[in-house]
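Reader: I have a model open and would like to go through it with you, starting with how you use your terms. Could you show it first?

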Amino acid sequence: MTLYPVPILTNGATHSAEQFRALVKDLSSGSEGITEGDDLKVSQLSTPGGGVQVAEGSGVILGRVSAFQGTYAARNQGAETVTIAATGGSPRSDMVILRVEDPQYEGTLDPATDDINYFQVISNVSSSATAIPDGRTGIPLARIDLPASTSTITDAVIVDLRQIAQPRRERLQFVHSPAGTSTAINNSNGSYAYFSTEAGWIVTIPSWASKVIVSIDIAQMKYSVATFIGLLRATFGASLSLQPVILDDNQTAIRRSTMFVSDTLTIPDAYRGTSQLLRPQATGTTGNTGTVAVDTSTTFRYDIEFIEAPR
């Protein structure tokens, strides 16, 4: 019979390890990798030497020997040191992986006495390798690009190869209009100012977020007096700002223009789990003689998407 005779977790039934691994595969949608962004990160030892440290964390590893092998769940309960051999007269790249060697499908290890999941070093891989170069069951964690005659491993030679098995994403939008006309921005010295009647949006940042894609549409900004030349951007919290875009309008009467700014930002550690203000600002630059403002006819649309990634 090809169908498992009972579904998983049925009272009174016996379930094989393979059936539990099938459940893990289902729950992880057939993907593999680390669980959260800081899991199993490879870094230099506290005192750099002939090895690396693998941080605590967990991951899921897809079995590659059998089509029905399923997916393994593994956890590192604390930091572990992995030895890296020194190089001689030539450079070398090694790959650190989390390996699973299940004797049901390969090898001769005994789960009663042996570690069948362990950190393994694959020596002399390609200097551009990002995946395990053969068919063994495991997930890549890091590549160590060692110069010639090197016995001390530092973060500078460690390339992070981790992937999150099921990265989280969260998208938020906020749309509104100012309650009144903002103070005109009319400088020409490149000093940014906020639109006085546009308070921005206080955004709650998930504790798992690693990156954020931010877009702000402004429909429509109001130019007046004379030609305006300047820049538009937005700040996010105290330390982040979006890439500025040019405001370049060569008319002289009152006129309107729709603009947007967008950028992908890396979330600082101190931002995760906090609330930060996202707020657009503008400035005139050299040669500017006009003004720009927003008013009750202006609509702001804030669009923000948080992404989980290794960090």
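Author: Before we start, a term we will need: a residue is called buried when its relative accessible area is under 20%, and exposed when that area is over 50%, with partly exposed in between. Please also keep in mind that this is a predicted model.

Reader: Okay, so D303, buried or exposed?

Author: D303 is buried, because its relative accessible area is 14%, which falls under the 20% cut-off.

Reader: And which residue does D303 form a salt bridge with?

Author: The partner of D303 is R171, and the closest N and O atoms of the two are 2.3 Å apart. This pair links distant parts of the chain, since R171 sits in strand 11 (residues 169-176) and D303 in strand 21 (residues 299-307), with their positions 132 residues apart. R171 itself is exposed, with a relative accessible area of 52%.

Reader: How many salt bridges does the structure hold?

Author: There are 15 salt bridges in the structure. Among them is the one between D269 and R272, whose closest N and O atoms are 2.0 Å apart; here D269 is exposed at 61% relative accessibility, whereas R272 is buried at 15%. In addition, E36, R168 and E308 are joined into one network by salt bridges that share partners. Another pair is D160 with R162, where the closest N and O atoms are 2.8 Å apart, and in that pair R162 is buried at 2% relative accessible area, while D160 is partly exposed at 38%.

Reader: Switching topic, what does the secondary structure come to?

Author: The protein has one helix and 21 strands. Its radius of gyration is 27 Å, well over the 19 Å that the globule rule gives for 311 residues, so the protein is more spread out than a compact globule. Along the principal axes, the C-alpha atoms fill a box of roughly 85 × 60 × 30 Å.

Reader: Any backbone oddities? Where is the cis peptide bond?

Author: The cis peptide bond joins A219 and Q220, with omega at about 0 degrees, and Q220 belongs to strand 14 (residues 211-224). V225, which is not a glycine, has a positive phi near 75 degrees; V225 lies in the loop between strand 14 and strand 15 (228-236) and is exposed, with a relative accessible area of 61%.

Reader: Last one, which residues form the negative surface patch?

Author: That patch is formed by E80, D110, D114 and D115. Of these, E80 lies in strand 6 (residues 80-83) and is partly exposed, with a relative accessible area of 38%.

Terms used: Residues numbered from 1 in each chain as written. Predicted model: local features only at pLDDT ≥ 70, side-chain atom pairs only at ≥ 80, totals over all residues. Heavy atoms only, no water. Patch = residues over 30% accessible without salt bridge, like charges linked within 9 Å, V, L, I, M, F, W, Y side chains within 5 Å. Areas by Shrake-Rupley, 256 points an atom, 1.4 Å probe, with all protein chains shown as cover. Salt bridge = Lys/Arg side-chain N within 4 Å of Asp/Glu carboxyl O. Lys, Arg positive; Asp, Glu negative; His and termini not counted. Charge placed at Lys NZ, Arg CZ, Asp CG, Glu CD. Helix = DSSP H or I, 4+ residues; strand = E, 2+ residues; numbered from the N terminus. Buried < 20%, exposed > 50% of the residue type's maximum accessible area, 1.4 Å probe, protein only. Rg over C-alpha atoms; globule rule 2.2 N^0.38 Å.
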